[in-house]
Amino acid sequence: MTIVTREQRLVARAYWMINHRWLAIVGVAAITWLSVNLVDISINQNGIYLLTIGLIIENLVALWLLEFVKKRYRSNLDTPIRLIIHFQITSDLLILTGMLHFTGGIENPFFIIYIFHMVISSILLSRIGAFIQTTIALLLFGSLVFFHYYGIIPHNCLSIEGLPNPELHHDLYYLTRTFGVFAFASYILVYLTTSIGHRLRTQEDKLTEAIEQLKINDDIKNKYVLRITHDIKSHLAAIQASLSVLSEGVFGKLEGRQKEFLIRAYNRTQTLTNFARNLLQITRLRLENEIEKEVFSLGDMIVKAVNDRHEELKEKEISVLLELDESIDTFFGNKTSMEGVFQNLIGNALKYSEEGGLIEIKTHDNRLKIKIEISDNGIGIPRSEITKIFSEFYRASNVKGTGIQGSGVGLSLVQEIVKVHGGKIWAKNRTKKGTKFIIELPKTDK
Ligand code: ADP
């Protein structure tokens, strides 16, 4: 479970702005080229291209600042990142105003793009920060309109070939009405978006807190389970040793029924020991979440897991078909836990198959991933339960009443092991009869 802090979210959003600015840069260049060459709009394209270069420089500076701040302030990133976002938005506003200057000022409907920056400020900055950026936008746009009106700077008309010049920058009534409505709508918009943004941020923070608490509780539970299971396992080992000594007749020969019940008790303790071992391994994996790795052959491991079951396979007259790709002979992972994966899956295939069944184990290698399929033609899994079987202690409804023993822990351990190796596992019902388990593991370099 990964917890994303408020600072990490802020950094991610600063990068998000940088990535989207690259798109905006391409967009501006494309629109300018299309307007001049296809629509015949007369604009000062050199001015626009120059400002586009300014946009590229701004983006590179923002990227550099972000990397610098991340290295310099490993913690307490909040304020410097917010300052970088302020820098980015203010620079964007300056460049946008410059572009509007070259393309008709208030006559250009693209002035509506100021709205984007207001919304982005409301999402990324505090409420005050968003109002500051909105005011900067309105001041810049207002000054442009003012300077064009009084002729302090030359006005570039946005004229289309064959159509009369709009000349709206001289129309005081139009200017005050348009600018007034725009300013009013901008402040209302920022008020609304910051309110929604604030509510969402509070909920996000509460969620992060709840996840953190959940993780703490989960760790406490795992440590508790680890201790109890460990104790149970050592007591079981002692009981098993005593039962073994008794059944071997060290303290006197046992009669038929006595021996039979002793062996039954011994077998039960064996099942319980396996259960405790699985539970211990899952809990350790969850607590540590990392494993020691070495290079070994998955192929040899699969063959060994099958050979270990030789007696049981023979008893149930089950055949095993192996199609193993050579490329799985050098796998980098945790040997002991991967052994557990195959012991569990092959053990299940055997356990849930009827007499005379067939188990097929195939591996495929596609340069990036290793795929291992273990199929049987046994009792199968009810369709609605196929994803639930990986939950701890879950046993499918069709095993009830069959007398097949199990604890429902094996598959959750298998899933946990596959996960820490960066892979995934899922089950499928076979078209005819039986189940197929598919494991996908990434090919990792040593
Ligand atoms: P169990 O000890 O019960 O076998 P697992 O965690 O290994 O526990 O498996 C969980 C459940 O998934 C099993 O109880 C069974 O219902 C189902 N299952 C697992 N493997 C197979 C299989 N090869 N064929 C049919 N059902 C299976």
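## Report on a predicted protein chain

Lys433 touches Glu354, Asp376, Asn377 and Gly378, when residues up to four places away in sequence are not counted. The model in which these contacts appear is a predicted one. Lys433 itself belongs to the loop between strand E8 (424-429) and strand E9 (435-442). With a relative accessible area of 40%, Lys433 is partly exposed, because that class lies between the 20% limit for buried and the 50% limit for exposed residues. The C-alpha atom of Lys433 is separated by 7.2 Å from that of Ile379, although the two residues are 54 apart along the chain.

### The chain as a whole

The protein chain contains 11 helices and nine strands. Its radius of gyration is 35 Å, whereas a compact globule of 446 residues would have one near 22 Å. Along the principal axes, the C-alpha trace spans about 115 × 45 × 40 Å.

Of the 446 residues in the protein chain, 39% are buried. The accessible surface amounts to about 25700 Å², and carbon and sulfur atoms account for 60% of that area. Among contacts between residues at least 6 apart in sequence, 74% join residues that are at least 24 apart. The chain carries 51 positive and 46 negative side chains, and the centres of these two sets lie 5 Å apart.

### Aromatic pairs among helices H4, H5 and H6

A pair of aromatic rings is described by the distance of the centres and the angle of the planes. The structure holds 14 aromatic pairs. In one of them, the ring centres of Tyr114 and Phe141 are 5.2 Å apart and the planes stand at 50 degrees, so this pair is tilted. Tyr114 lies in helix H4 (residues 114-124) and Phe141 in helix H5 (residues 127-149), so the pair ties together parts that are 27 residues apart in sequence. Both Tyr114 and Phe141 are buried.

Phe141 also pairs with Phe182: the ring centres are 5.7 Å apart and the planes are at 80 degrees, so the arrangement is edge-to-face. Because Phe141 is in helix H5 and Phe182 in helix H6 (residues 172-247), this second pair ties together parts 41 residues apart in sequence. Phe182 is buried, as is Phe141. One aromatic cluster is formed by Phe111, Tyr114, Phe141, Phe179 and Phe182.

Tyr114 has a further link, to Thr97. Thr97 is found in helix H3 (residues 78-102). Its neighbours within four places in sequence left aside, Thr97 is in contact with Tyr114, Leu140 and Leu144. Why does Thr97 count as buried? The relative accessibility of Thr97 is 8%, and buried means under 20%, so Thr97 falls in that class.

### Helix H11 and its cover

Helix H11 (410-420) follows a loop that begins after strand E7 (369-376). H11 is mostly covered, with nine of its 11 residues buried. The buried residues are Gly410, Leu411, Ser412, Leu413, Val414, Glu416, Ile417, Val418 and Val420. Their cover includes helix H7 (256-288), helix H10 (335-351), E8 and E9. E8 and E9 are also the strands on either side of the loop that holds Lys433. Just after H11, Gly422 takes a positive phi of about 80 degrees.

### Positive phi outside glycine

Two residues that are not glycines also have a positive phi, as the table sets out.

| Residue | Phi | Loop | Relative accessibility |
|---|---|---|---|
| Glu317 | about 55 degrees | between helix H9 (310-315) and strand E4 (319-323) | 58%, exposed |
| Phe393 | about 70 degrees | between strand E7 (369-376) and helix H11 (410-420) | 46%, partly exposed |

Glu317 counts as exposed because its relative accessibility of 58% is over the 50% limit. Phe393, at 46%, is partly exposed because its value lies between 20% and 50%. The loop that holds Phe393 leads into H11, the helix in which nine of 11 residues are buried.

Technical notes: Residues are numbered from 1 along each chain as its sequence is written. Side-chain values use heavy atoms; hydrogens and water are left out. Helices (H or I, at least four residues) and strands (E, at least two) are DSSP runs, numbered from the N terminus. The radius of gyration is taken over C-alpha atoms; the globule rule is 2.2 Å times the number of residues to the power 0.38. Buried means under 20% relative accessible area, exposed over 50%, partly exposed in between (1.4 Å probe, protein chains only). Contact means heavy atoms within 4.5 Å. Accessible areas come from the Shrake-Rupley method with a 1.4 Å probe; for residues, only the protein chains shown count as cover. Lys and Arg count as positive and Asp and Glu as negative; His and the chain ends are not counted. The place of a charge is taken as NZ of Lys, CZ of Arg, CG of Asp or CD of Glu. Rings of Phe, Tyr and Trp (its six-membered ring) pair if their centres lie within 6.5 Å; planes under 30 degrees apart count as stacked, over 60 as edge-to-face and the rest as tilted.
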